[in-house]
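Let's take a walk through a protein model, one residue at a time. Have the sequence and the 3D view open as you read.

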Amino acid sequence: MIPKVFKEVIDLGDGREISIETGKLAKQAHGSVVVQSGKCMLLCTVVSNYKQSDVDFLPLTVDYREKFAASGRYPGGFFKREARPSDGEVLTMRLVDRVLRPLFPKDYHAETQVMIQLMSHDDDVMPDAMAGLAASAAIQLSDFPFECAISEVRVGRVDGKFIINPTRAQLEESDLDMVIGASADSVMMVEGEMKEISEEEMAEAIKFAHDAIKVQCAAQLRLAEAFGRKEVREYEPEREDEALAKKIHDMAYDKVYAIAKAGSSKHERSASFDAIKEEIKATFSEEEMADYGDLVSKYYYKAEKNAVRDLTLNEGLRLDGRKTDEIRPIWCEVDYLPSTHGSAIFTRGETQALATVTLGTSREANQIDMPSYEGEETFYLHYNFPPFSTGEARPIRGTSRREVGHGNLAQRALKGMIPTDCPYTVRVVSEVLESNGSSSMATVCAGTMALMDAGIKMKKPVSGIAMGLISDGDSGKYAVLSDILGDEDHLGDMDFKVTGTADGITACQMDIKVKGLSYEILVNALKQARAGRLHILDKLTETISAPNEDVKPHSPKMVTRTIPGAFIGALIGPGGKVIQELQKATKTTIVINEDPVTEEGIVEILGTSQEGIDAVLAKIDSITFKPEVGSVYEVKVIKMLDFGAVVEYVEAPGNEVLLHVSELAWERTENVTDVVNMGDVFDVKYFGLDPRTRKDKVSRKALLPKPEGFKERPPREDRGNDRRGNDRRGGDRDRKPRRD
């Protein structure tokens, strides 16, 4: 028996719909929904254990996977099975996690899993834009303690008009690509890339997205009511002791406030805070610490957070002594590494990134193979965050989700400034060597300088800055912090990173923790971020003002040549013999791609020696050489025959043609050697195909003056017979008819 199905439909306003359905699939999960738009279908299930975990945080796992079967494809690799998540899947997991996590109670520590799967793919629907909606809808059907419904949408803008959840084709024409996560009341997360838009335009896009999200949140609530809303589960909350909290606050607050106001360095400040904490612990007996040790630490950190926030709100000062809009000291250097194609160091306060650039052919492009998208990136950026950058020793377990996310943000910030006619595949790698506040923005700055050092003709340099917001909802006071420290990253009400050129924003990432943040405060914060970006941009351009005119001497030079499709095979040769020998002889890398539209061959030549590149170009010219009728060419005799000489075009070595003995001179030539010899160089005229021999015809005598009194022989009368007397029409003129 088919179970009862409950369904809600969301109208996107342009003929498209999103449906949310429950009751048919995965009924043993604590909540499950199928979200569908067009032929795209996502299944989301949520489960949370009823027993609290022995940890002091929420062990939430958000998992998003795209099944290759959803698009009728096989996974790559030997086992033909989906394996570790791709970077695209990891980025979607992060988008959903960042909105869901703050809405669980702070003392809820049960193991919780949100699993989202792409079950059916539609080329016109980007599934990641519906993942947040699916996750929240499933949670609304569960008994989890969860604050309110949320959703996420993608916003694009084509011809000045905003679009909710645009298709990939529309996104190609859009000047922004933003994903916004929000509840009905508050915007909570923003991430995206833009083509140098203003702060006001960004705020407009967020408002437009929020209006659409309100409709989606209402649809989730209607579905939950129809399905039957469950009672929120009971769980064992964390212990609280108000008297102990007040005691520790009174013991710690003033001391922390004084240290915070002193403006010390990270390690000095941390040591001082630790000393206060140990001093407070020492006032308790061993028995009391055994009973209340976890609460002592918890209440101390709460007092520390309040003291630091109050210092900023009351006096406009910060942990390192800066004012709210002040940027830490910056120093930069380019061309630091002698063997890389480009390198740069960017240091801002206690954060440092070393970026390198590597140049290659299209063969080195980053291949993207996902069920929802296949393509390649000719510009990509990788970000590495080793433990020593924060003075820690911890296990290294491969690339973390954080590293994938930070690298993607920096890549999106820079990629719009790479010219479309850049012949190279460009890889930027950022090694974070020190970290105390936004290593991703340091990556953007170091990446900009390294690209210019490598000779990449960036349209404009890009800088980035990490910002914070501290607000007091009761008094209405707030402070926007420019260039936040690592400690400030955790105590603020909004953390956001903004990158851009002097003319506009290229990428952003925001996590908004305070409810009902006004758009006025948001725009003011973005404008303060712009002032900080421009200050940092000035520091970058003081170090390197423009891209280097050329790549470095040891860097590969790239030349691209287009050839007719008919010559691709000749350049490759049988079994690749021609191209392999050419690469070996010239010490170059040659890549040939076929244009799918024109069917022309696009030849990429990469080499450090200009001489080698020139040799490859000469070979291509030789292979593709086609003489023009009536033109004169210089040739060289390379072979002597009884009936003429084989000559080679000097400008296209390897292209040979027969110079017949009758075309050597006006006078009758008995021996070819009477006129030319091996190695002779002279001019000939090209006449095209000889209609009689169907071969190329060239003439030396056509360029010589006729001898005085010269008379040409009359053309031979063609009576349909060849020289042996055979009838060309198939018979012998002397042969008698056959008798049967």
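What follows is a short tour of salt bridges, a charged patch and a few single residues.

Keep in mind that this is a predicted model, where local features need pLDDT of at least 70, side-chain atom pairs count only at pLDDT 80 or more, and totals for chains, interfaces and linings use all residues. Residues are numbered from 1 along each chain as its sequence is written, and side-chain values use heavy atoms, with hydrogens and water left out.

**Salt bridges**

Side chains of opposite charge can pair when their charged atoms come close. Here, a salt bridge is a side-chain nitrogen of Lys or Arg within 4 Å of a carboxyl oxygen of Asp or Glu. The structure has 43 salt bridges. Three examples are in the table.

| Acidic residue | Basic residue | Closest N to O distance |
|---|---|---|
| Asp493 | Arg309 | 3.1 Å |
| Asp483 | Arg328 | 2.8 Å |
| Glu670 | Arg668 | 3.1 Å |

Start with Asp493 and Arg309, which form a salt bridge. Asp493 sits in the loop between helix H10 (486-491) and strand E20 (494-501), while Arg309 is in helix H7, so this pair ties together parts that are 184 residues apart in sequence. (Helices, H or I with at least four residues, and strands, E with at least two, are DSSP runs numbered from the N terminus.) Are these two partners buried or exposed? Buried means under 20% relative accessible area, exposed means over 50%, and partly exposed is in between, using a 1.4 Å probe and protein chains only. Asp493 has a relative accessible area of 13%, so Asp493 is buried. Arg309 is buried too, at 13%.

Next come Asp483 and Arg328, joined by a salt bridge with N and O atoms 2.8 Å apart at the closest. This pair links distant parts of the chain: Asp483 is in the loop between strand E19 (478-482) and H10, and Arg328 is in the loop between H7 and strand E11 (330-334), 155 residues apart. Both Asp483 and Arg328 are buried.

Glu670 and Arg668 also meet in a salt bridge, but what about their cover? Glu670 is exposed because its relative accessible area is 55%, and Arg668 is exposed at 63%.

Salt bridges can be part of a group, too. Asp128, Arg154, Asp177, Glu193, Arg412 and Lys415 are linked in a network of them.

**A negative patch**

Now look at the surface, where Glu286, Glu287, Glu288 and Asp291 gather in a patch of negative charge. Patches like this use residues with over 30% relative accessible area and no salt bridge, with like charges joined within 9 Å. Glu288 belongs to helix H7 (residues 286-315). With 36% relative accessibility, Glu288 counts as partly exposed.

**Three buried residues**

Asn408 has its place in helix H8 (residues 401-415). It counts as buried because its relative accessibility is 16%. Leaving out residues up to four places away in sequence, Asn408 touches Leu91 and Glu191; contact means heavy atoms within 4.5 Å.

Val429 is part of strand E17 (residues 425-434) and is buried, at 9% relative accessible area. Beyond residues up to four places away in sequence, Val429 touches Leu354, Ala355, Thr356, His382 and Asn384. The C-alpha atoms of Val429 and Asp250 are separated by 48 Å, with their positions 179 residues apart along the chain.

Gly607 lies in strand E24 (residues 601-607) and counts as buried at 4% relative accessibility. Among its contacts, not counting residues up to four places away in sequence, are Ser555, Lys587 and Ile613.

Definitions and conventions
Patches are made of residues with over 30% relative accessible area and no salt bridge: like charges are joined within 9 Å, nonpolar side chains (Val, Leu, Ile, Met, Phe, Trp, Tyr) within 5 Å. Accessible areas come from the Shrake-Rupley method with a 1.4 Å probe; for residues, only the protein chains shown count as cover. Lys and Arg count as positive and Asp and Glu as negative; His and the chain ends are not counted. The place of a charge is taken as NZ of Lys, CZ of Arg, CG of Asp or CD of Glu.
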